[in-house]
Amino acid sequence: MVKKDYFIIALLMALVVAGGLLSLSSGSWSIPASHVVMIVLSKLGLYAGAISDVEASIVWDGRLPRFLVAFLVGFSLGGAGTIMQGIFKNPMASPGVMGIDAGAALGAVLAIYLGLASYSLVALPCAAIVFSLLTLVMVFAIATSGGRTSVSTLLLAGIALSLVFGALTSFVITLSTAEFDVGRVIVNWLMGDLNNRSWEHVAIVIPTTLVALLGTLFFARDLNLLMLGEETAANLGVNIRRARNGLLLFSSIETGGAIAVSGVIGFVGLVAPHIMRSLTGPDNRKLIFSSGLLAAVFIIYADLFVRLIVTVDLKVGIITSMLGGPFFLYLIVKHRKQFEYM
């Protein structure tokens, strides 16, 4: 990496740390940043001085899990979006456009509605990941003919399945209105909710994030070559089917794990890779990590905005959609000359 890349990554990490300190110290009970640092160090066994039990409970059990979930969800969605845009060589590709978000949301909503999420901690993430993988299989089955897969058809199939799964999710919500508490949980979750996150949620999303990160980094070189074209990549020794399927698998795992703990947070996986690609270049070996950091910054500061600035119960997913929707329209207008016309 060149000096510019190191500077950008250092800046993003500094924004994450600053956002973390602000997140842990701010709220209805303000806690000095120095106390926050002492509490975290004390919990990690690196500080033996006296700390306030009340402040420690607020920071360690309340605010820190929420911050970590925001960071991990953002990092996962940024990485998943990078993979999608690299595979399809399309700046408008993302888990949401492919229908993976909608599939994972349907699986999670069913787990909540059927009461499975209340019986087991892993039921909801498992349902989200399984349905995201099923969506991926369905999209490929629709788009593949004669052993060849059309990228355009993949995207169209993803959009169509998003509509179908969205309708099914709405149907489940309609059924859940008979039970007010269940319906309220589902609606809040679909808007992208980080309220009341706990260490259990952190335990859910850490494995999916780490597994997917390691897997995508393993295929990063292959992804770089795939962006040159499948024929060129094959001539350079890339196993096209294994690389593409492996990358999409890890992207689905990232997306399912993130959605399982935060609900549906749209457009982050679309915006972050596009911005970072213009800043650091197309090399996915650094783009996956930097896009994940930028997406994490988006969610961390969006969460701070809804916590500290607005006075209504606004959800993080609403903020990201309000910002990401116009950006998506901008991409459509910018790249419309590349589209085929009748």
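**Exercise 1. Surroundings of His201**

Task: In this predicted model, determine which residues His201 touches, not counting residues up to four places away in sequence, and whether His201 is buried or exposed.

Solution. Step 1: Outside that stretch of sequence, the residues touched by His201 are Val69, Asn196 and Val261. Step 2: His201 has its place in helix H9, which covers residues 199–218. Step 3: The relative accessible area of His201 is 19%, and buried means under 20%. His201 is therefore classed as buried.

**Exercise 2. A contact partner of His201**

Task: Locate Asn196, state what is notable about its phi angle, and classify its accessibility.

Solution. Step 1: Asn196 belongs to the loop between helix H8 (180–190) and H9. Step 2: The phi of Asn196 is near 60°, which is a positive value in a residue other than glycine. For comparison, most residues other than glycine have a negative phi. Step 3: The relative accessibility of Asn196 is 70%, and the class exposed begins over 50%. Asn196 therefore counts as exposed, whereas its contact partner His201 is buried.

**Exercise 3. The packing of H1 and H14**

Task: Describe how helix H1 and helix H14 are arranged, and identify the residues that make the contact.

Solution. Step 1: Helix H1 spans residues 3–25 and helix H14 spans residues 284–308; their axes come within 10 Å and cross at roughly 25°. Step 2: Angles under 35 degrees count as roughly parallel, and H1 and H14 are therefore roughly parallel to each other. Step 3: The handedness of this crossing is left-handed. Step 4: On the side of H1, the contact residues include Ile9, Leu12, Met13 and Val16; on the side of H14, they include Phe289, Leu293, Leu294 and Val297. Step 5: Sorted by class, this contact has 14 nonpolar, 3 polar and 3 charged residues.

**Exercise 4. Two residues far apart in sequence**

Task: Give the separation of Met13 and Leu294 in sequence and in space, and classify Met13 by accessibility.

Solution. Step 1: In sequence, Met13 and Leu294 are 281 residues apart. Step 2: In space, their C-alpha atoms are 8.9 Å apart. Step 3: Met13 is part of helix H1, and with a relative accessible area of 44% Met13 is partly exposed.

**Exercise 5. A residue of H14**

Task: Determine whether Ser291 is buried or exposed, and list its contacts beyond four places in sequence.

Solution. Step 1: Ser291 is found in helix H14. Step 2: With a relative accessible area of 0%, Ser291 is buried. Step 3: Apart from neighbours within four places in sequence, Ser291 is in contact with Gly78, Thr82, Ala272, Pro273 and Met276.

**Exercise 6. Aromatic pairs**

Task: State how many aromatic pairs the structure holds, then analyse the pair of Phe71 and Phe75 and the pair of Phe218 and Phe219.

Solution. Step 1: The structure holds 5 aromatic pairs. Step 2: Phe71 and Phe75 make a tilted pair, 5.9 Å centre to centre, with 35° between the planes. Both lie in helix H3 (residues 53–88), and because they are 4 residues apart, about one helical turn separates them. Phe75 is buried, at 6% relative accessibility. Step 3: Phe218 and Phe219 form an edge-to-face pair, 5.1 Å centre to centre, with 85° between the planes. Phe218 is exposed at 59%, whereas Phe219 is buried at 6%. Step 4: Ring pairs also join Phe71, Phe75 and Phe289 into a cluster; Phe289 is one of the H14 residues in the contact with H1.

Technical notes:
Residues are numbered from 1 along each chain as its sequence is written. This is a predicted model: local features need pLDDT of at least 70, side-chain atom pairs count only at pLDDT 80 or more; totals for chains, interfaces and linings use all residues. Side-chain values use heavy atoms; hydrogens and water are left out. Axes are lines fitted to C-alpha atoms, for helices over the stretch in contact, and angles run from 0 to 180 degrees between N-to-C directions. Helices (H or I, at least four residues) and strands (E, at least two) are DSSP runs, numbered from the N terminus. Angles under 35 degrees count as roughly parallel, over 145 as roughly antiparallel, 65 to 115 as roughly perpendicular and the rest as oblique. A crossing is left-handed if the near helix is turned anticlockwise from the far one by less than a right angle, and right-handed if clockwise. Contact means heavy atoms within 4.5 Å. Ala, Val, Leu, Ile, Met, Phe, Trp, Tyr, Cys and Pro count as nonpolar, Asp, Glu, Lys and Arg as charged, and the others, Gly among them, as polar. Buried means under 20% relative accessible area, exposed over 50%, partly exposed in between (1.4 Å probe, protein chains only). Rings of Phe, Tyr and Trp (its six-membered ring) pair if their centres lie within 6.5 Å; planes under 30 degrees apart count as stacked, over 60 as edge-to-face and the rest as tilted.
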